[in-house]
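The following exercises invite the reader to work through a protein model step by step. Each task is followed by a worked solution.

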Amino acid sequence: MAVAVGVVFSRGGKVYSFDPGGLDLAWNERVICQTSRGQELGRVVKANHELADVSPALKKVVRRITETDEETDRENRAEAKRSMLVFREVMRTQGIDLKPVAAELVFDGSRIVFSYQAQGRPDLTGIQEELRRRLQRRVEMRSVGPRECARLCGDHGLCGNKHCCRRFPSHEKPITLRMAKDQDLPMGSGRITGLCGRLRCCLAFEHPLYKSFRDRAPRVGSQVETPSGVGLVTGYEVLDDSCTVELDGAPVQVPINDCRELAER
């Protein structure tokens, strides 16, 4: 079995597996990796671990970042901000209706990637050529959807916390209404959709907890045996891993593991 590490290159981005190149890397270390786009700066989100399937061969981690690399990263971010202003200016000059989202200068400076939103598929040949001429770099244009747009330039969600799509690595499974129903959330769009207009990412991140709870919990309306006697389940307290049981006319919160559902007579 091969040894690998999991690396992300942007907040909430996809986790990629790399050959650590003999380095013993821990969570949250920043590293330089060799990718198909050139050398890029990433963050370790999964320390050295064994990986069974390594086909095709993994690209390698080049090194841990140095002070020089950190300075290069700061310069690249500043250059990307300046390039974004040029992108907006060129877009207005050529009269193409786009929504600029983000600009990213690859760590080794080999290319700059512009992310945008647009209706349909506009012809961006003119914009790309003008950007290449003015920036003197290879230019890549990338169309993104609403969810990716929120991940790239978002900040705080309706809950008041940072967007889940920027706090955690991206989830692989699609987000569905079933996840909201399993969590007993109202189907009103204001409660289950994020600022991107799509179903909230937190539905996917929290769904395993609710599903595990429901698989173990007695049904609401069923009789259960508890250490305090037999009662009727009237509700759930998922975050406390317990349910509300009516015992002698009074509601009592009882841990799931202390409840045994009785067979119906």
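**Exercise 1. Determine which element of the chain has the lowest mean pLDDT and which the highest.**

Solution. The model is predicted, and the confidence of the predictor is therefore examined at the outset. Among the elements of the chain, the lowest mean pLDDT, 75, belongs to helix H6 (residues 189-192). The highest, 95, belongs to strand S5 (residues 61-64). For the chain, the mean pLDDT is 87, and 97% of the residues reach 70 or more. As a caution, where pLDDT is low, predicted coordinates should not be read in detail.

**Exercise 2. Establish how strands S1, S3 and S4 pair.**

Solution. Begin with strand S1 (residues 2-8), which pairs with strand S4 (residues 38-51) in the antiparallel sense over six bridges. Within S4, leucine 51 stands opposite alanine 2. Next, take strand S3 (residues 30-35): S3 and S4 also pair in the antiparallel sense, over six bridges. Here glutamate 40 in S4 is the bridge partner of cysteine 33. Finally, inspect the connection: S3 and S4 form a hairpin, with two residues between them.

**Exercise 3. Describe the open sheet that contains S7, and identify the helices H1 and H2 that lie across its strands.**

Solution. First, set out the order: three strands, S6-S7-S8, form an open sheet with mixed pairing. The edge strands, each pairing on one side only, are strand S6 (99-105) and strand S8 (138-143). Neighbouring strands of this sheet are turned against each other by 20° on average, direction ignored.

Second, consider one pair in detail. Strand S7 (residues 111-117) pairs with S8 in the parallel sense over six bridges, and serine 115 stands opposite arginine 142 in S8.

Third, add the helices. Helix H1 (residues 67-94) lies across S6, S7 and S8 and runs at about 145° to S6. Helix H2 (residues 125-135) lies across S7 and S8, and its direction is at about 140° to S8.

**Exercise 4. Characterise the second largest pocket by its volume, its lining and the classes of its residues.**

Solution. The volume of this pocket is about 510 Å³. Its lining comprises 27 residues, of which Cys159, Cys164, Arg200, Cys201 and Cys202 lie nearest the centre. Two or more residues of the lining are given by each of helix H3 (146-153), helix H4 (164-167) and helix H7 (201-216). H7 supplies the largest share, five residues. Sorted by class, the lining has 14 nonpolar, five polar and eight charged residues.

Key. Residues numbered from 1 in each chain as written. Predicted model: local features only at pLDDT ≥ 70, side-chain atom pairs only at ≥ 80, totals over all residues. Heavy atoms only, no water. pLDDT = per-residue confidence, 0-100. Helix = DSSP H or I, 4+ residues; strand = E, 2+ residues; numbered from the N terminus. Pairing = 2+ DSSP bridges. Axes fitted to C-alpha atoms, helices over the stretch in contact; angles between N-to-C directions. Contact = heavy atoms within 4.5 Å. 1 Å grid on protein atoms, 1.4 Å probe; cavity = no way out; pocket = protein on both sides within 12 Å on 5 of 7 lines; lining within 4 Å. Points joined across faces, edges and corners; volume = space filled by probe spheres on them. Nonpolar A, V, L, I, M, F, W, Y, C, P; charged D, E, K, R; others polar.
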